[in-house]
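Biologist: Before we start, could you take me through the salt bridges and the sheet of this model, giving the general idea each time and then the case in hand?

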Amino acid sequence: MQRTSLLSLIIVIACGPAAGAQRSVEPPDDVRTSKTRAADKPYGREGDPRRAKRVIRIDMSDTMQYFPDQIEVKRGDTVRFVVRNSGELPHEMVLGTMEELKKHAAATKRKATAHQSLPHATRVGPGGTGRLVWQFTRAGEFYFGCLVPGHFDAGMIGTIVVR
Ligand SMILES: [Cu+2]
């Protein structure tokens, strides 16, 4: 399948009725009873590195792909992402909903923005390694994408399913 048609397929799926409706499920008890912080996102919150149970290594390359680009995590888990850039261009891993990522990708085409300082994002230079610790507090399908101008449109997108 061509990259463009694959991308439109992804967008069609993401924009379908299921994505429009709130597809996230109620957070677990321990999460719901703790105070909801202002920084909480639909896909979770900044994780405490000491509570990271799982390390997921992701490789980013100039073919505009993540490897792996499909990840499954358990709701409530704190994950430490170790993100390696094996290419010669800068790349990013930015967590988000598809709507959010599309909006940000469009915005970065107009103006360069710095995502590296956000807790849900890491920007990595050629040959470098970035880190990102995130707690997934809700079930659902979320995404990560590269918001270096042109990369998201070229299909640099991955999927995270939280069960
Ligand atoms: Cu990239």
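**Salt bridges and a sheet**

Modeller: Let us begin with one contact: the side chains of aspartate 77 and lysine 53 meet in a salt bridge at 3.6 Å, N to O, where a salt bridge is a side-chain nitrogen of Lys or Arg within 4 Å of a carboxyl oxygen of Asp or Glu. Aspartate 77 lies in the loop between β4 (70–73) and β5, and lysine 53 in the loop between β1 and β2 (54–61), so the pair ties together parts that are 24 residues apart in sequence. The strand labels follow DSSP runs (helices are H or I, at least four residues; strands are E, at least two), numbered from the N terminus.

This is a predicted model, in which local features need pLDDT of at least 70 and side-chain atom pairs count only at pLDDT 80 or more, while totals for chains, interfaces and linings use all residues. Residues are numbered from 1 along each chain as its sequence is written, and side-chain values use heavy atoms, with hydrogens and water left out.

Biologist: Is aspartate 77 buried or exposed? And lysine 53, buried or exposed?

Modeller: Buried means under 20% relative accessible area, exposed over 50%, and partly exposed in between, with a 1.4 Å probe and protein chains only. Aspartate 77, at 11%, counts as buried, whereas lysine 53, at 70%, counts as exposed.

Biologist: How many salt bridges does a search of the whole structure find?

Modeller: The search finds 5. Among them, arginine 123 and glutamate 92 meet through their side chains at 2.9 Å, N to O. Arginine 123 belongs to strand β7 (residues 121–124) and glutamate 92 to strand β6 (residues 91–96), so this pair ties together parts that are 31 residues apart in sequence. Glutamate 92 is buried, with a relative accessible area of 1%, while arginine 123 is partly exposed at 35%. Another salt bridge joins the side chains of aspartate 40 and arginine 45 at 3.2 Å, N to O; here aspartate 40 is partly exposed at 24% and arginine 45 is buried at 8%.

Biologist: What is the order of strands in the open sheet?

Modeller: Strands of a sheet pair through backbone hydrogen bonds, either parallel or antiparallel. Here two strands pair if DSSP finds at least two bridges between them. The open sheet has 5 strands in the order β1-β8-β5-β2-β3, with mixed pairing. At its edges stand β1 (45–46) and β3 (65–67), each with a single partner strand, so one side of each is left without a neighbour in the sheet.

Biologist: In which sense do β5 and β8 pair?

Modeller: Strand β5 (residues 78–85) and strand β8 (residues 129–135) are antiparallel, paired over 7 bridges, and valine 83 stands opposite glycine 130 in β8.
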